[in-house]
Amino acid sequence: MALTSVYPVLMSADLDRSARFFREHLAFEPTFESDWYVSLRRDQWELAVLAADHPTVPATHRGRPAAGVLLNVEVDDVDAEHQRMVVEGGLTAVLPLRSEPFGQRHFIVSGPDGVLVDVITPIPPEGEFVEQFR
C-alpha cells in the first residue's frame with residue numbers, strides 16, 4: 001500500500017463549533033467547507049470535522065460525536081501555548097501544565113464533543129522510561 005495521507009476525521013454534534021475551535025485555538029485553516037464536513041489544514045497537518053448525523057456515517061455509528069478521542073498536538077513551546085490558550089484564551093485546562101517522567105511537558109484542554117486536546121513539548125525522559133524509547 002502506498003499511503004498518500006492519514007488524518008483524523010472527528011464526528012461532531014455541532015460542526016460549526018468544532019471547526020471554529022480548531023481554527024481559533026490551533027490556527028487550522030479550512031480547505032473545504034460544507035454544511036456537513038469541514039477539512040482543515042495547518043502546514044502539513046490535516047484534520048477534518050464531520051456532522052455525526054450525516055448519511056455517509058454508517059447507520060450503526062451515526063449520531064455519535066467523537067467523545068473519547070485524545071488528540072495530541074506537539075509544539076515547540078508548551079509553556080507559551082498554555083499562556084496563549086488557557087491564561088489569555090480562556091480555555092480550561094482539564095489537566096494542568098506539568099512535566100511527566102515519560103518525556104512530555106504538557107496540558108490538556110477539552111474541545112467540542114468531548115475531544116481532549118493534549119498540547120505537548122517532548123522533554124528528556126527520566127528513570128525507567130529512558131530505556132523504553134527507541
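A residue counts as buried when its relative accessible area is under 20%, as exposed when that area is over 50%, and as partly exposed in between. With that in mind, select Tyr37 in this predicted model: its relative accessibility is 15%, so Tyr37 counts as buried.

**The aromatic rings**

Keep Tyr37 on screen and add Phe32 and Trp36, because these three residues, Phe32, Trp36 and Tyr37, form one aromatic cluster. Across the whole structure a search finds 4 aromatic pairs. Before turning to two of these, recall that a pair of aromatic rings is described by the distance of the centres and the angle of the planes.

Select Phe21 and Phe22 next, and look at how the two rings are set against one another: their centres lie 5.1 Å apart and their planes meet at 85°, and since planes over 60 degrees apart count as edge-to-face, that is the name for this pair. Phe21 is buried, with a relative accessible area of 8%, and Phe22 is likewise counted as buried, at 2% relative accessibility.

Now return to Trp36 and Tyr37, whose ring centres are 5.7 Å apart and whose planes stand at 50°, so this pair is tilted. While Tyr37 is buried at 15%, Trp36 is partly exposed, with a relative accessible area of 29%.

**The salt bridges**

Side chains of opposite charge can pair when their charged atoms come close. The search of the whole structure finds 4 salt bridges, and three stops on this tour show examples.

Begin with Arg41 and Glu46, whose side chains meet in a salt bridge with an N to O distance of 2.9 Å. Arg41 has a relative accessibility of 33% and therefore counts as partly exposed.

Move on to helix H2, which covers residues 78-88, and select Glu81 and Arg84 within it. How far apart are the N and O atoms in the salt bridge between the side chains of Arg84 and Glu81? The distance is 2.8 Å. Because the two residues are 3 residues apart in the helix, Arg84 and Glu81 are separated by about one helical turn. Arg84 counts as partly exposed at 34% relative accessibility, and Glu81 is partly exposed too, with a relative accessible area of 22%.

Finally, select Arg98 and Glu100, which form a salt bridge whose closest N and O atoms are 2.7 Å apart. Is Glu100 buried or exposed? At 12% relative accessibility Glu100 counts as buried, whereas its partner Arg98 is partly exposed, with a relative accessible area of 37%.

Methods. Residues are numbered from 1 along each chain as its sequence is written. This is a predicted model: local features need pLDDT of at least 70, side-chain atom pairs count only at pLDDT 80 or more; totals for chains, interfaces and linings use all residues. Side-chain values use heavy atoms; hydrogens and water are left out. Rings of Phe, Tyr and Trp (its six-membered ring) pair if their centres lie within 6.5 Å; planes under 30 degrees apart count as stacked, over 60 as edge-to-face and the rest as tilted. Buried means under 20% relative accessible area, exposed over 50%, partly exposed in between (1.4 Å probe, protein chains only). Helices (H or I, at least four residues) and strands (E, at least two) are DSSP runs, numbered from the N terminus.
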